[in-house]
Amino acid sequence: MRTRDGRVVERIWADTTRITGTILSISGRRDLTVELDCGPHRGHRTVVIPYRASGRLQVRHPKFEPGYLFDAIGIRQAGTSLAMLPATSQPPYPARAVPTPPPAYAGLQSRISGPATWSDTFDEEERGAAYPMLERSDTGCPDAGVSCTGLPYLAVGSLLQVRNLCSQRNANVPVVACGCVAGRFCDRCVECDTSPRGRVVELSPFSYVELGGDLVKGCFNAQIGLG
């Protein structure tokens, strides 16, 4: 399929969702219902894990209990979010125990590498990014400013240069939201290579796909700098 500006669309996504947050409670015997805290600006979300998907999710989420992080990709069906695939391997620490950045990281590098992920909490076709290291007073988000990567502080409205190291695509993406939940994931992306630990940006689906990301894979190795 070709768009009006000449670009080729490789695939069309419909009803894809991503559920990322801290586990508050789990109930059910076969199909599991999980209540998540997705941060002070995103509120609580409820996701259902169908029995057929529970095995593959729990293999990569061994701490399936309150206080630990959860990140899954699924679909919306009849108003319900169904988690079908793990988006990452669950960090081994509780959500409130994020490792501190290594001393060598002072947030002064002109370019910083790490996983870029996506979230479905943006407006449709919005170009934008959520970034962990924002001033709390600017965002009204008391959980901002947490990351195991030495990211510099930025303000809402800043432009990030984001480069997909797998597709070699670049874009200047505005910071439009607080990425306080993304900052709690000290994980790696293994698409095309193994990234350093720590998510550096969370993109809207539109920006993520525009940069060559695959929604189902959930991340790409990125390098960011100021636009």
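Author: Let's fix terms: buried means under 20% relative accessible area, exposed over 50%, and partly exposed in between (1.4 Å probe, protein chains only). This is a predicted model, where local features need pLDDT of at least 70, side-chain atom pairs count only at pLDDT 80 or more, and totals for chains, interfaces and linings use all residues. Residues are numbered from 1 along each chain as its sequence is written, and side-chain values use heavy atoms, with hydrogens and water left out.

Reader: Why is Cys-166 called partly exposed?

Author: Its relative accessible area is 32%, which falls in between the two cut-offs, so partly exposed is the label.

Reader: And what makes Cys-192 exposed?

Author: Cys-192 has 55%, and exposed means over 50%, so the label fits.

Reader: How do you know that Cys-166 and Cys-192 form a disulfide?

Author: A disulfide is a pair of cysteine sulfur atoms within 2.5 Å. The sulfurs of Cys-166 and Cys-192 are 2.3 Å apart, so they qualify. With -80° about the S-S bond, this link is left-handed.

Reader: What makes Cys-189 and Cys-219 a disulfide?

Author: Their sulfur atoms sit 2.2 Å apart, so that pair passes too. Cys-189 is buried at 0%, and Cys-219 is buried at 13%.

Reader: Why is Cys-180 not bonded to Cys-141?

Author: The Cys-180 sulfur is 3.5 Å from the one in Cys-141, its closest cysteine sulfur, so the distance is too far for a bond.

Reader: Why does Cys-180 count as buried?

Author: Cys-180 comes in at 1% relative accessibility, so buried it is.
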